[in-house]
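Reader: Please give me a close look at a single part of this one: the paired strands, and the loops that go with them. Keep it relaxed, and put the rest of the chain in at the end.

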Amino acid sequence: MIFPTPISLDQLLSLFHHTVNVIGHSDRLVVGLNECHSVQDGELTFADRDKYYKKVLGSKASFVLLNKELDEYPEDKVIIISEDPLLDYLSVVNHYVAFHPQTEAIHPDTQIGEGTVIQPLVFIGEDVKIGKNCIIHSNVSIYGHTVIGDNVVIHSNTTIGGDACYFQKRPDRWVKFDSCGDVYIGSNIEIGCNCCIDRGVSGTTYIGDGTIFDNFVQIGHDTHIGKRVLLGAQSGIAGCTFIDDDCKIWAKASVNSNVYMAKNTVLYALSAVDKNIQEEGRTLFGVPADDVQKKWKEMAYHRNLSTLFEEVALLKKELESRK
């Protein structure tokens with residue numbers, strides 16, 4: 001999230017709920033905040049677990065919230081030690097992003113391009129831009145902070161821009177990472193019925209030009225879907241994932257979070273990807289997904305296991321009878 005106006009370090013500290021200790025000094029302004037995987041120069045990020053310290057300190061962040069002091073820090077960063085970095089981070093989020101109830105189905109400031117048709121019973125939130133020659137069918141909900149390009153068709157009961165399912169487990173409760181990102185949907189896209197595209201937690205959930213959704217597709221927060229991607233019915237893409245151009249993901253397939261899928265990858269139905277696919281043009285199948293020919297051979301071997309066990313049992317009996 002980029003702040004409307006950059007703020008000083010003192011202004012940032014005034015937004016926190018906890019007393020903090022600042023290590024280092026900078027006259028630079030804080031331009032926004034982001035999660036460690038996508039934070040940029042001038043922005044604030046945080047870490048409250050050991051496995052993330054190295055990542056945030058090696059990131060582009062200029063301001064880093066931590067829950068304990070470490071032995072050494074990069075000289076180009078301001079380190080802020082807090083009792084609860086997540087809650088202080090969220091206090092900044094909630095200072096800038098608040099829920100504003102609407103009395104109208106379509107926010108009066110919505111920008112709608114020439115030739116676009118909005119069917120009855122559509123909801124459109126604040127800060128939404130819709131391009132030319134789109135069709136938004138009935139019962140679609142477009143939450144705030146969404147951009148939609150030209151020639152986009154969105155079918156009934158689809159929701160664009162809902163909050164991410166992103167929580168931290170505490171001993172007594174779940175703490176929600178309040179979403180402050182947005183959604184960008186390009187041009188020449190068709191989105192089927194009952195699809196859900198989550199808003200970025202702190203960045204952008206991006207859908208590239210020419211991409212096609214079947215019904216019941218789920219796209220997680222901060223995920224990038226490239227151009228001309230095909231997503232089959234009931235497929236699911238987790239948050240912070242990058243699907244490159246011209247991929248085909250067939251029905252009921254799934255892709256794990258923080259995974260990269262190279263261009264022209266084909267993922268067959270009922271498959272699941274749990275690691276990066278770096279080589280372009282591969283066809284994958286199975287759980288976990290692997291090259292389709294390899295998986296089909298494994299399935300053939302599996303079908304023959306019962307026969308193999310019977311043959312081994314007979315050989316064992318024959319050997320025992322010879323003793």
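**Paired strands and their loops**

Author: Let's start with a single pair of residues: Thr159 has Cys196, in β20, as its bridge partner. Keep in mind as we go that this is a predicted model. That pair belongs to a run of three bridges between β15 (residues 159-162) and β20 (residues 196-198), two strands that run parallel. Go along to Gly162 and you'll find Asp198 of β20 standing opposite.

Now turn to the other neighbour of β15. Strand β12 pairs with β15 through two bridges, again in the parallel sense. There, Ile142 faces Ile160 of β15. So what do these pairings add up to? In β15, Thr159 is bridged to Cys196 of β20, while Ile160 has Ile142 opposite.

Zoom out and you get an open sheet of eight strands with parallel pairing, in the order β9-β12-β15-β20-β23-β26-β29-β32. At its edges are β9 (123-124) and β32 (272-273), each pairing on one side only. As a reminder, strands in a sheet pair through backbone hydrogen bonds, and the pairing can be parallel or antiparallel.

There's another sheet to put beside it. This open sheet is built from eight strands in the order β7-β10-β13-β18-β21-β24-β27-β30, and the pairing is parallel. Here the edge strands are β7 (111-112) and β30 (260-261), which each pair on one side only. If you'd like one pairing to look at, try β21 (residues 204-207) with β24 (residues 224-225): they're parallel, with two bridges between them. Tyr206 stands opposite His224 of β24 in that pairing.

Next, the loops. A good place to begin is around β13, a strand in the order of that sheet. Walk into β13 from β12 (141-142) and you pass through a loop that holds His145. This residue isn't a glycine, yet its phi is positive, near 65 degrees. That's worth a second look, because most residues other than glycine have a negative phi. His145 counts as partly exposed because its relative accessibility is 25%, and the buried class stops under 20%.

Leave β13 (146-148) by the far end, heading for β14 (153-154), and the loop there contains Gly149. Is Gly149 buried or exposed? It counts as buried, because its relative accessibility is 12%, below the 20% cut-off. And what does Gly149 touch, once you leave aside the neighbours within four places in sequence? Its contacts are Gly131, Lys132, Cys134, Ile185, Gly186 and Ser187. You can pick out Asp209 from here as well: it lies 60 residues from Gly149 in sequence, but their C-alpha atoms are 8.5 Å apart in space.

Two more loop spots, while we're here. Gln234 sits in the loop between β25 (230-231) and β26 (236-237), and β26 takes you back to the sheet that includes β15. Gln234 isn't a glycine, but its phi is positive, about 65 degrees. With a relative accessible area of 47%, Gln234 is partly exposed. Further along, the loop between β33 (283-285) and β34 (290-291) holds Pro288. The peptide bond running from Val287 to Pro288 is cis, with omega near -10 degrees; most peptide bonds are trans.

Let's step away from strands for a moment. Helix α3 (residues 85-96) has 12 residues and reaches 17 Å from first C-alpha to last, close to the expected 16 Å. Its buried residues are Pro85, Leu86, Asp88, Tyr89, Leu90, Ser91, Val92 and Val93.

Finally, the whole chain. Its secondary structure comes to five helices and 34 strands, and the C-alpha trace spans about 90 × 60 × 40 Å along its principal axes. There are 323 residues, of which 45% count as buried. Among contacts with a separation of 6 or more, 25% come from residues 24 or more positions apart. The accessible surface is about 16,900 Å², and carbon and sulfur atoms account for 52% of it. As for charges, there are 30 positive and 43 negative ones, and their mean positions are 10 Å apart.

Methods:
Residues numbered from 1 in each chain as written. Predicted model: local features only at pLDDT ≥ 70, side-chain atom pairs only at ≥ 80, totals over all residues. Heavy atoms only, no water. Helix = DSSP H or I, 4+ residues; strand = E, 2+ residues; numbered from the N terminus. Buried < 20%, exposed > 50% of the residue type's maximum accessible area, 1.4 Å probe, protein only. Contact = heavy atoms within 4.5 Å. Areas by Shrake-Rupley, 256 points an atom, 1.4 Å probe, with all protein chains shown as cover. Lys, Arg positive; Asp, Glu negative; His and termini not counted. Charge placed at Lys NZ, Arg CZ, Asp CG, Glu CD. Expected span 1.5 Å × (residues − 1). Pairing = 2+ DSSP bridges.
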